[in-house]
Amino acid sequence: MLTVFFEFFFGRVVMGHPWAKLLEAYDPRGGNLWVAVLLVIAAAPYLAARLRGLV
């Protein structure tokens with residue numbers, strides 16, 4: 001969540017990019033896989049614990 005917040009805050013406030021340009025990074029139809037990266041990062045701790053038999 002902090003990564004997404006930082007990206008939007010920095011892109012909008014500091015760089016002055018419009019919302020449409022910021023949201024392009026989250027559109028998989030254009031070949032952007034940023035959403036998949038975020039999902040893998042979010043699921044990794046659970047998957048690692050599951051593989052180690054801790055869950």
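**Exercise 1. Is F9 buried, partly exposed or exposed?**

Start with the model. It is predicted, so local features need pLDDT of at least 70, side-chain atom pairs count only at pLDDT 80 or more, and totals for chains, interfaces and linings use all residues. Residues are numbered from 1 along each chain as its sequence is written, and side-chain values use heavy atoms, with hydrogens and water left out.

Step 1. Take the cut-offs: buried means under 20% relative accessible area, exposed over 50%, partly exposed in between (1.4 Å probe, protein chains only).

Step 2. F9 has 41% relative accessibility, so F9 is partly exposed.

Step 3. Try F5: its relative accessible area is 56%, so F5 is exposed.

**Exercise 2. Describe the ring pair of F5 and F9.**

Step 1. Know the rule. Rings of Phe, Tyr and Trp (its six-membered ring) pair if their centres lie within 6.5 Å; planes under 30 degrees apart are stacked, over 60 edge-to-face, the rest tilted.

Step 2. Count the pairs. The structure holds four aromatic pairs.

Step 3. Apply the rule. F5 and F9 are 6.0 Å apart, centre to centre, with 15 degrees between the planes, and this pair is stacked.

Step 4. Look at the spacing. F5 and F9 are four residues apart in helix α1 (residues 2-14), so about one helical turn separates them. Helices are DSSP runs (H or I, at least four residues), numbered from the N terminus.

Step 5. Recall the general rule. An α-helix has 3.6 residues a turn, so residues three or four places apart point the same way.

**Exercise 3. Which parts does the pair of F8 and Y26 tie together?**

Step 1. Describe the pair. F8 and Y26 are stacked, at 5.5 Å centre to centre and 10 degrees between the planes.

Step 2. Place the residues. F8 lies in helix α1 and Y26 in the loop between α2 (19-23) and α3, so the pair ties together parts 18 residues apart in sequence.

Step 3. Check the exposure. F8 is buried at 17% relative accessibility. Y26 is buried too, at 18%.

Step 4. Add W19. Ring pairs link F8, W19 and Y26 into a cluster.

**Exercise 4. Test the length of helix α3.**

Step 1. Find the expected span: 1.5 Å times one less than the number of residues.

Step 2. Compare. The 18 residues of α3 (residues 34-51) should span 26 Å, and the end C-alpha atoms are 25 Å apart, which agrees.

Step 3. Look past the helix. Just after α3, G53 takes a positive phi of about 80 degrees. G53 is exposed, with a relative accessible area of 58%.

Key. Helix = DSSP H or I, 4+ residues; strand = E, 2+ residues; numbered from the N terminus.
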